[in-house]
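Hi,

Here's the structure I promised to pass on. Have a look at it first, and then read my notes below.

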Amino acid sequence: MRPSLAPITALAGSAVPALQARVRLETYHANVESVLGFYKDVTFEVDGAQSMGTVFDNISLVIDAVRAGKDPLEAFCQEVPEADECRVYE
């Protein structure tokens, strides 16, 4: 879900910077989505809204798992089983 762009106008005080920001965000999302589709088998999502140490630890787990030839998600789920990525649906 993409964040609302309404606060950009209030912060910028003008519609011109808000329009530029809106166009840049739309372009970013269009490009990222197309690239991620191509690399979906070799990407791993990390929640960047967590503390810097937690984000670093999660990225380190993925890198260590790749180096060891393991599935990065498996190593991540052993450390953070409550994460959305680790849910098992029946």
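Let's start with a quick one: does serine 60 count as buried, partly exposed or exposed? Its relative accessibility is 21%, so serine 60 counts as partly exposed. The cut-off helps here, because buried means under 20% relative accessible area. You'll find serine 60 in helix α3. If you want a distance to try out in your viewer, go from the C-alpha atom of serine 60 to that of proline 72: these two are 12 residues apart along the chain and separated by 10.0 Å.

Before you go further, keep in mind that this is a predicted model. The protein chain has an average pLDDT of 79, and 83% of the residues score at least 70. That confidence isn't spread evenly over the elements: helix α1 (residues 6-12) has the lowest mean pLDDT, at 53, while helix α3 (residues 52-67) has the highest, at 88.

Now the overall picture. The protein chain has four helices and zero strands, so to speak a plain α-α-α-α pattern when you read along the sequence. There are 90 residues in the protein chain, and buried ones make up 17% of them. The chain exposes about 7,500 Å², with carbon and sulfur atoms supplying 58% of that area. As for contacts between residues at least 6 apart in sequence, 16% of them join residues at least 24 apart.

The part I spent time on is where α3 and α4 meet. Helix α4 covers residues 72-79, and its axis comes within 8 Å of the α3 axis, crossing at roughly 135°. That angle makes α3 oblique to α4. The crossing of the two helices is right-handed.

Which residues do the meeting? On the α3 side they are Asn58, Leu61, Val62, Ala65 and Val66, and on the α4 side Pro72, Ala75, Phe76 and Glu79. Within α4, the residues Pro72, Ala75, Phe76 and Cys77 are buried, and α3 is included in what covers the buried residues of this helix.

Two residues are worth clicking on, one from each helix.

From α3, take asparagine 58. Is it buried or exposed? Asparagine 58 has a relative accessibility of 5%, so it counts as buried. Leaving out residues up to four places away in sequence, asparagine 58 touches Val46, Gln50, Phe76 and Val80.

From α4, take alanine 75. Alanine 75 also has a low enough value to count as buried, because its relative accessibility is 17%. With residues up to four places away in sequence again left out, alanine 75 touches Leu61 and Ala65. Another distance to try is the one from alanine 75 to aspartate 64: they are 11 residues apart in sequence, and 8.8 Å apart in space from C-alpha to C-alpha.

So to look back at where we began: serine 60 at 21% counts as partly exposed, whereas alanine 75 at 17% counts as buried. Try finding both in your viewer, and write back if anything is unclear.

Cheers

Notes
Residues are numbered from 1 along each chain as its sequence is written. This is a predicted model: local features need pLDDT of at least 70, side-chain atom pairs count only at pLDDT 80 or more; totals for chains, interfaces and linings use all residues. Side-chain values use heavy atoms; hydrogens and water are left out. pLDDT is the predictor's confidence in each residue, from 0 to 100. Buried means under 20% relative accessible area, exposed over 50%, partly exposed in between (1.4 Å probe, protein chains only). Contact means heavy atoms within 4.5 Å. Accessible areas come from the Shrake-Rupley method with a 1.4 Å probe; for residues, only the protein chains shown count as cover. Axes are lines fitted to C-alpha atoms, for helices over the stretch in contact, and angles run from 0 to 180 degrees between N-to-C directions. Angles under 35 degrees count as roughly parallel, over 145 as roughly antiparallel, 65 to 115 as roughly perpendicular and the rest as oblique. A crossing is left-handed if the near helix is turned anticlockwise from the far one by less than a right angle, and right-handed if clockwise.
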